Amino acid sequence: MKHRVAIHSPGRLTVLAALIGGLSAGLGAPAFADPTVPVVISQVYGGGGNSGAQYKNDFIELHNRGTTAIDLSTWSVQYASSAGTSWQLTKLSGILQPGHYYLVQEAAGSGGTAALPQPDASGSLALSGTSGKVALVNNASALSGANPTSASLVDLVGFGSAATGYEGSGPTATLSNTTAAIRANGGCTDTDDNAADFATGAPIPRNSASAAKSCGTTTTDAAIVTNCPASVSGTQGSAIMGLLQASDADSIVSSASIVSGARAGIALGPFTPAAGKGGTASVQLQVDGSLAAGSYPVGITFTNDTSQSASCTVTVQIAGSVTIPQIQGSGPTSPYANTVQSTRGVLTAKVGSGFFIQDPKGDGDPTTSDGIFVFGASTDAQPGEMVEVTGTVTEYTPTGAARSYTELGNVTKVTRLGGSYTIAPTNIELPYPDLGRVEGMLVHITTPLTVSGNGYLGDRGELVLSNGRLEQPSNRYAPSSPEAKALSAANASNMIVLDDGIFTTPNPIPYIGQDGTVRSGDTVTDLTGVVDFGAAGGLNPSFKLQPTQAPSFSRTNPRPPAVQGTPGNLRVVSANIENFFTTFTDGTNYLGQTGQGCSLGSSVSKSNCRGADNLKEFQRQSTKLVADLKGLDADVAALMEVQNNGDITLSYIVDQLNTAYGSKVYNYVANVPVTGTDAIRVAMIYKPAMVTPVGAPITDGDSVNNRPPLAQTFKLNSNGAKFTLVANHLKSKGSCGSAGAGNSDSGDGQGCWTGTRVLQAQRLLNYLVPQIKQASGDDRILLVGDMNAYGHEDPIATLTSNGFVNEVERFKRPEGTPYSYVFAGLSGYLDHALASTALDGQVAGILEWHINADEPDALGYDLNTGLSQDLYQANQFRESDHDPLVIGLNLAPAFVDVTGGVKIAQTAPVPNRITGKYSATVTFTNTSGAALSGPLQFRLDGLTAGVTLDNASGSQNGAPYITLPSGSLAVGASATVTTTFSNPAKTAITYKPALIQGAF
């Protein structure tokens, strides 16, 4: 399958908006929003949290200019940089009443002194403080283009002279950390011209609780509008202040007083009344250093000269001063959770969404971490310097996590204290009982670790590491058994994700080594970094190491050479070739035809196609597949995930493979009428020089088989031995949406659709295998393919408990962990070889050719990945996500030469003058000391050229033979046959007689 890009951050997704300026404005005609919708963007502010800013957050304000309520539940506000074409969005909710405002709080910076009023919606858009573009859209689909013209666009504001998208003659004036773009007349003016409709001024954020502004009517009793921060915060022992403001459109705000929450240490400073009607009154809420740590709601009421009043509540948060180990505590969560605290620590690492600090002395308690992550803040301090941080102690629990991670968030203050400190990393090794004890700390892993997974290296910069390769529990033990549960627990304590610390698609892709790869099974040393926790590609949230120095990789799992020297006399291969389609997702095909589609059930559509997106990708994919199959050099190969389009795709594979060999080496087993309802099917190719198909292929079109198995009996040309190969691709573990009882994920490691896979295995046993035996007259059967079940899961147990032998387990388990697939850092084999009892003794060996599962996804043929680099190589490596399985068979012959056990007496050929034929006799006497059971074949090897044996029973490898009529020869018994030859040239008739026991 094709893996797509996931942008990430430690513990949460973070949107990083590019702040681009200095570009020329005016790309194309100016955009005009929908004039029929009364809601407009009334204010934009991008300086939140910047140097000198009053407010900590950026914000976007809306205003309903109309006379009817507007439902915003499907709407969004969107942002793009000044010259950008990609838009990021914040979803809205609720009803916006006529005349009311709607406040959307966006990203916070590290500065600012005041919180915004209670927002009506919140997002994480990081607006430029100077120039950018903001749009109001009536759906939640991202816009595109520098100057969008979508029908869903309700309003567009280009702010700052560099903005390339705007309404009317131009964008607003350029903003700053202390100014916002404010629509005139309280948000009522809308002439579809940003330059004319907006002025810059001190930001005045208004929410749905603010006084309404009715457009087109005069309000004679306007209410007082307060502008108070939701909270002010500081550290115990230090004085803090918060600015409170109020205005009234038709009156003068004349006083302010504390009406609730008054206490020693909290007071209002000198009051500045409004200069006139509509003016702004202000007062400072003053908190002195004597106030104890805690949270204190304070109610303030403003009054005007007409005895109207309005109130706001400000929460005073005073942080205590505690050490990092005290914050962390010895339990699973912090004893200070959800409180504001200040602490000091040495900066150990900076990452994309914050930084790590550590107590330089620690508390000597191994159960309490000495480090902590500071989320969403930045500092000019460098690693080794002391900083003081004030923020809220937060227990962050990522989606799907069974635990939380203690960090400091909602940071209000970061002070660079300087100095030069050295934090000695704490030595640890895996397995580690609880990495939570060292979360946020600088550590050194003392033992080499193994790369256990690399699937998300390209798009997330991550590698799964462990002490030795990790195995899927159900690959070794029965699901839900005590042993499987114990192995699962052991895996959990023996895993850490090596990250890259940047939390965006990495450029360049890290950790790539020799041969342009880093393989699962390679080892890593010199691992030093800080212990993080958060989302990880393909895993539940996990502990991660953010390195502070470059790790060292060793190629301890080298790429394997082409397959050579398979034991036995026949090489059989099972290969999942991962969605090899000759019809592409863009609606074209390998012939360049357009308007094409792929079949899935009764539908035909390009959306059903699963492989290459276009011809260029297909050519890359085909190159890898041919290299794979040529390296395998199979005598017979079962293939999975071939496009289900008759023999079109399969014949293409064979043609390309024969071209690579330079001759017609391969043929394919022709398609059967029933190939299932899936877009992919199983197939077979073979070397006619090695084997000959016997009879027609057999399948099972029962409805349980969405991808029916394919069985074909083959005869080994060299000795006449027969066996039957059955290609399988059982129901996948994913796509659980419609799974019902017996098929839903029970949590035992088998995934979904286990019940269906068991039914498919039972159909093999009860229907297909008996059909094969009856048709072929031979019990030697080999079941291969992608069973979508690990070694000890229920479908495999169904087969092995009913006469089939797990040859991978038999041959590979003694060597270590058998695997053909790596998922979520765990290795196991989904690709199987199961032999019937009659064939088991003739299986000579097994090889798992590890060319795919150990390689990063980023090495594949896919061009549409969003990765920063194209690591594709024109070779077999990462052709698929499954490793091919090679089975060596040593098939016992159907016949044996017993010439050495008989005495042969021949008469010279005598011509018949009437017929012109030559006749002779040959007598065989059994001198072997044991009876020779029939059938017995007299074969004439090296018969003179131009001479024909007229009474031949048949021919074997070009030599004619006669079946002895006696059937068998007892000890000392003799049997005589007559030979009749045509000899037009009348040459001497010579040959070498041989007696063969068995049937050709």
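The following exercises, each with a worked solution, go through a predicted model of a protein.

Residues are numbered from 1 along each chain as its sequence is written, and side-chain values use heavy atoms, with hydrogens and water left out. Because the model is predicted, local features need pLDDT of at least 70 and side-chain atom pairs count only at pLDDT 80 or more, while totals for chains, interfaces and linings use all residues.

**Exercise 1. Overall form**

Task: Find what radius of gyration the protein has and set it beside that of a compact globule of 1000 residues.

Solution: Begin with the rule for a globule, which is 2.2 Å times the number of residues to the power 0.38, the radius of gyration being taken over C-alpha atoms. For 1000 residues a compact globule would come near 30 Å, but the protein has 39 Å. Next, take the spans of the C-alpha trace along its principal axes, which are about 145 × 65 × 50 Å. Then count the secondary structure, where helices (H or I, at least four residues) and strands (E, at least two) are DSSP runs numbered from the N terminus; the protein has 11 helices and 60 strands. Finally, consider contacts, meaning heavy atoms within 4.5 Å: among those between residues at least 6 apart in sequence, 71% join residues at least 24 apart.

**Exercise 2. Helix 7**

Task: Check the span of helix 7 (residues 648-661) against its number of residues, and state which of its residues are buried.

Solution: The expected span of a helix is 1.5 Å times one less than its number of residues. For the 14 residues of helix 7 this gives 20 Å, and the end C-alpha atoms are 20 Å apart, which agrees. For the second part, buried means under 20% relative accessible area, exposed over 50%, and partly exposed in between (1.4 Å probe, protein chains only). By that rule T649, L650, S651, Y652, I653, V654, L657 and N658 are buried. The buried residues of helix 7 pack against several elements, including strand 35 (570-580), helix 6 (615-632) and strand 38 (636-643). Just after helix 7, G662 takes a positive phi of about 85°.

**Exercise 3. Two open sheets**

Task: For the open sheet of 9 strands and the open sheet of 5 strands, give the strand order and identify the edges.

Solution: Two strands pair if DSSP finds at least two bridges between them. The sheet of 9 strands has the order 26-27-32-33-30-29-28-31-34, with mixed pairing. Strand 26 (426-428) and strand 34 (552-554) stand at its edges, each with a single partner strand, so one side of each is left without a neighbour in the sheet. Within this order, strand 28 (residues 449-453) and strand 29 (residues 463-466) run antiparallel and are joined by 3 bridges, with V451 opposite L465 in strand 29.

The sheet of 5 strands has the order 51-60-55-58-57, with antiparallel pairing. Here strand 51 (895-897) and strand 57 (954-956) are at the edges, and each has a single partner strand, so one side of each lacks a neighbour in the sheet. Strand 55 (residues 936-941) pairs with strand 58 (residues 959-963) in the antiparallel sense over 3 bridges, and the bridge partner of Q937 in strand 58 is T963.

**Exercise 4. A residue in a loop**

Task: Decide whether M787 is buried or exposed, and list its contacts beyond its neighbours within four places in sequence.

Solution: M787 is found in the loop between strand 44 (781-786) and helix 9 (794-800). Its relative accessible area is 0%, which means that M787 is buried. Leaving aside neighbours within four places in sequence, M787 is in contact with N728, L730, R757, I796, L830, H832 and L834. The C-alpha atoms of M787 and H729 are separated by 5.5 Å, although these residues are 58 residues apart along the chain.

**Exercise 5. Backbone exceptions**

Task: Locate the cis peptide bonds that end at P431 and P935, and the positive phi values of N338 and S735.

Solution: Start from the expectation that most residues other than glycine have a negative phi, and most peptide bonds are trans. A cis peptide bond joins L430 and P431, with omega about -5°, and P431 lies in the loop between strand 26 and strand 27 (442-445). The bond from G934 to P935 is also cis, with omega near 0°; P935 is in the loop between strand 54 (918-926) and strand 55. Turning to phi, N338 has a value near 70° and is exposed, with a relative accessible area of 66%. For S735, phi is near 50°, and this residue is exposed at 64% relative accessible area.
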